[in-house]
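Trainee: Could we go through this model together, setting each term against its definition before we rely on it?

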Amino acid sequence: MKKTLVSDYVEEKDNYTLIVDFRYYEDTGTWDQPPEEELEIIKVQYISEDTYCNTISVDITDLYYDHIDSDLYNNVLEYAKEQD
């Protein structure tokens, strides 16, 4: 069975929120073709409030790819697998 999901994953923390736009592809395979899965992170948005309660929204996709460890990637992958 093949499945493609284009969605977003939201992770809320005390001081900020991350919104991750992603594309997930899964093929369970057949007896002669092994299963495949692929997760592509499209965009990562960081949202918080400053001391004056103004909302700050920053695209941190490049920062994600350069410096953030795999915990967020694994959270998005687990979330994508649970969606139908």
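**A strand residue and its partner**

Mentor: Let us begin with Val-58, which lies in strand S4, residues 55–59, a strand being a DSSP run of E with at least two residues, numbered from the N terminus. The model is predicted, so local features need pLDDT of at least 70 and side-chain atom pairs count only at pLDDT 80 or more, while totals for chains, interfaces and linings use all residues. Residues are numbered from 1 along each chain as its sequence is written, and side-chain values use heavy atoms, with hydrogens and water left out.

Trainee: Why is Val-58 called partly exposed?

Mentor: Its relative accessibility is 37%, and since buried means under 20% relative accessible area and exposed over 50%, with partly exposed in between (1.4 Å probe, protein chains only), Val-58 therefore counts as partly exposed.

Trainee: How do you know that S3 and S4 pair?

Mentor: Two strands pair if DSSP finds at least two bridges between them; S3 and S4 have five, in the antiparallel sense, so the criterion is met. Tyr-46 stands opposite Val-58 in S4, and the C-alpha atoms of these residues, 12 residues apart along the chain, are separated by 5.2 Å.

Trainee: Which residues is Val-58 in contact with, leaving aside its neighbours within four places in sequence?

Mentor: With contact meaning heavy atoms within 4.5 Å, they are Val-44, Gln-45 and Tyr-46.

Trainee: What links S3 and S4?

Mentor: They form a hairpin with five residues between them, and Cys-53 in the turn has a positive phi of about 65°.

Definitions and conventions. Helices (H or I, at least four residues) and strands (E, at least two) are DSSP runs, numbered from the N terminus.
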